[in-house]
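Grab a coffee and work through these exercises with the structure open beside you. Each one sets a task and then walks through a solution.

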Amino acid sequence: MNVTGFPLRKRAKSGLSAALVLCLAGIALLAGWILKSNILNETQSVLRSGVSLQVPASWKVQFGIAEENQVFSAVDPLNLLHNITAVKLPMATDGLVTDAVVNQNLKRATVLSSYQVLEQAPYVVKDVQGYAVYYAYVENQGTGNLPVVVRGLDIYLPFDQQIVLISLEENESRFGSALPEFFRVLDSISYTPGE
Amino acid sequence: MTVQASSHSLSSRKSLWKSNLITFGLLGLFLLLVFAVEALVHPIFNSTSLVITGAVMSLVPAFLWLVFFYRQDQLEPEPKSMVFEVFILGGLLAAAIGIPLIEDVFKLSSWLYSNLWIELLGSVLVIGFTQETLKWAAVRFSVYKSIEFDEPTDGIIYATAAGLGFATVLNISFIVNSGGANLGIAAIRIVLTALAQASFAGISGYFLACEKFEGKPIWWMPCGVALAALLNGVFFTLWGSLTRPTLTGSGAFINPWLGLAFAVLLSLAITVILSLMIQKNEKQSSPTPEVKP
């Protein structure tokens, strides 16, 4: 493009002004990033039946309505497939966590479409020896909507003759990015017997 | 302002204001037409044809403005290719930086709606600054130094073109990502986005022109972009509040017309204010005519 008629002094001043605009935009975006980080790191404390967890502040927490033995369920209000639930299960008489794992897998297989266990292995949280199960199933969201694949992760933790099951569920495509937050929630777990 | 700039009086650039007003009127007709077609013909679309229809509708505001601007801009015409280039550049910047930054990097939907104040602050800092800086950049780093950018209204003309390019890509992205939308709702959103993006860009364009022709201090342009970003953020927060679904006994109720009315009022206000300011600047800088004996 023709750039004649734009004197050097004016050009330098205008260049400085343009640099200032870019700096200002950079500062604004940095402030936006800090705002985002603060909000996403904000948590609310959920305490019920002796189980305490720190879940994201913006999530909606419901107590014991969806499932028998459910302690609570925390749902991302902008994405209802993304949720974390806590359930209390009875410990088998032999004291093995894997019994609860087998029972839960059988139960899920009867109620969830195409339920499949992907991987399972022992897992430790805060020195508590537990068990982790990765699974997937197909969620049919009603007529007019395509079915979606939901992926989940169950963490079984034995506390005081009971098993606390903490589960994450999320759409398959976003499951990987939901894991770090879930592990942060899991690290905040504490159990107070008798409550 | 230089004599070169002021030598073109506002009357010679009525083309801009006229095209803006004609575009306002025609966009109203476009909305009426879409609603009439929907009410009378009840068109049935599959998801692909709905996306294509929506994408074509997204081009309407920019097409109308460009056509009427070219037709009106006869006395001191801007090179058509340059206006079109800035329009394309605005769209490219939206697609390459604006949308990925806001949706993928900042993931606004996961945190912005925590409460009204967060929404307002986040909208200004992230949406406002990203969009207004990119629209400003589309003009500043292309036509700004050209000899064709030779009068104050040129800033507004090129910035409006960049804003419409930006809005067109935002609208196409919305239609494609939502898998096609209800035609009437889509038409309202398309018109609203185009009006808002073009108006806010017009503010930066005015500041750019003043910077070039009046030798404003270096803080002038950052203030202009900040003002446009502030208005952008406030507008989209209020628009979101006005059009958020309200739950009634018979289900969720959305009133998109309120948002549209808000956008029309805002665009008209910005158009009138910019026109008055340009007029005032030109009056102040007009050389006193010599009186011959």
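**Exercise 1.** Work out how helix α7 (residues 152-177) of chain B and helix α8 (residues 183-214) of chain B are oriented relative to each other.

*Solution.* Keep in mind that this is a predicted model. Start with the usual descriptors: two packed helices are described by the angle between their axes and the distance between the axes. Here, α7(B) and α8(B) pack at an angle of about 150°, and their axes are 6 Å apart. Next, bring in the cut-off: an angle over 145 degrees counts as roughly antiparallel. So α7(B) and α8(B) are roughly antiparallel to each other. For the handedness, α7(B) passes α8(B) in a right-handed crossing. To finish, sort the residues of this contact by type: 17 are nonpolar, eight are polar and one is charged.

**Exercise 2.** Check whether the end-to-end distance of helix α1 (residues 8-41) of chain A agrees or disagrees with the expected span, then list its buried residues.

*Solution.* Helix α1(A) has 34 residues, and at 1.5 Å a residue it should span 50 Å. The C-alpha atoms at its ends are 49 Å apart, which agrees. Now for burial, which takes under 20% relative accessible area. The buried residues of α1(A) are S14(A), S17(A), A18(A), V21(A), A25(A), A28(A), L29(A), G32(A), L35(A), K36(A) and I39(A). When you look at that spacing, remember the general rule: an α-helix has 3.6 residues a turn, so residues three or four places apart point the same way.

**Exercise 3.** Find the edge strands of the open sheet of three strands in chain A.

*Solution.* First, get the order: the sheet runs β1-β2-β10 (chain A), with antiparallel pairing. Then look for strands with a single partner: β1 (43-48) and β10 (190-191) of chain A stand at the edges, so one side of each is left without a neighbour in the sheet. As for the pairing, strand β2 (residues 51-56) of chain A and β10(A) are antiparallel over two bridges. One residue pair to look up is V51(A), whose bridge partner in β10(A) is Y191(A).

**Exercise 4.** Trace what surrounds strand β4 (residues 70-76) of chain A.

*Solution.* Begin with strand β3 (residues 60-62) of chain A, which runs antiparallel to β4(A) and is joined to it by three bridges. In this pairing, K60(A) stands opposite V75(A). Move on to strand β5 (residues 79-90) of chain A: β4(A) pairs with β5(A) in the antiparallel sense over six bridges. There, A74(A) has I84(A) as its bridge partner, and a hairpin through two residues joins β4(A) to β5(A). Last, check burial: seven of the seven residues of β4(A) are buried, so this strand is largely enclosed by the rest of the structure.

Technical notes:
Residues numbered from 1 in each chain as written. Chains lettered and ligands numbered in written order. Predicted model: local features only at pLDDT ≥ 70, side-chain atom pairs only at ≥ 80, totals over all residues. Heavy atoms only, no water. Helix = DSSP H or I, 4+ residues; strand = E, 2+ residues; numbered from the N terminus. Expected span 1.5 Å × (residues − 1). Buried < 20%, exposed > 50% of the residue type's maximum accessible area, 1.4 Å probe, protein only. Axes fitted to C-alpha atoms, helices over the stretch in contact; angles between N-to-C directions. Parallel < 35°, antiparallel > 145°, perpendicular 65-115°, else oblique. Left-handed = near helix turned anticlockwise from the far one by under 90°. Nonpolar A, V, L, I, M, F, W, Y, C, P; charged D, E, K, R; others polar. Pairing = 2+ DSSP bridges.
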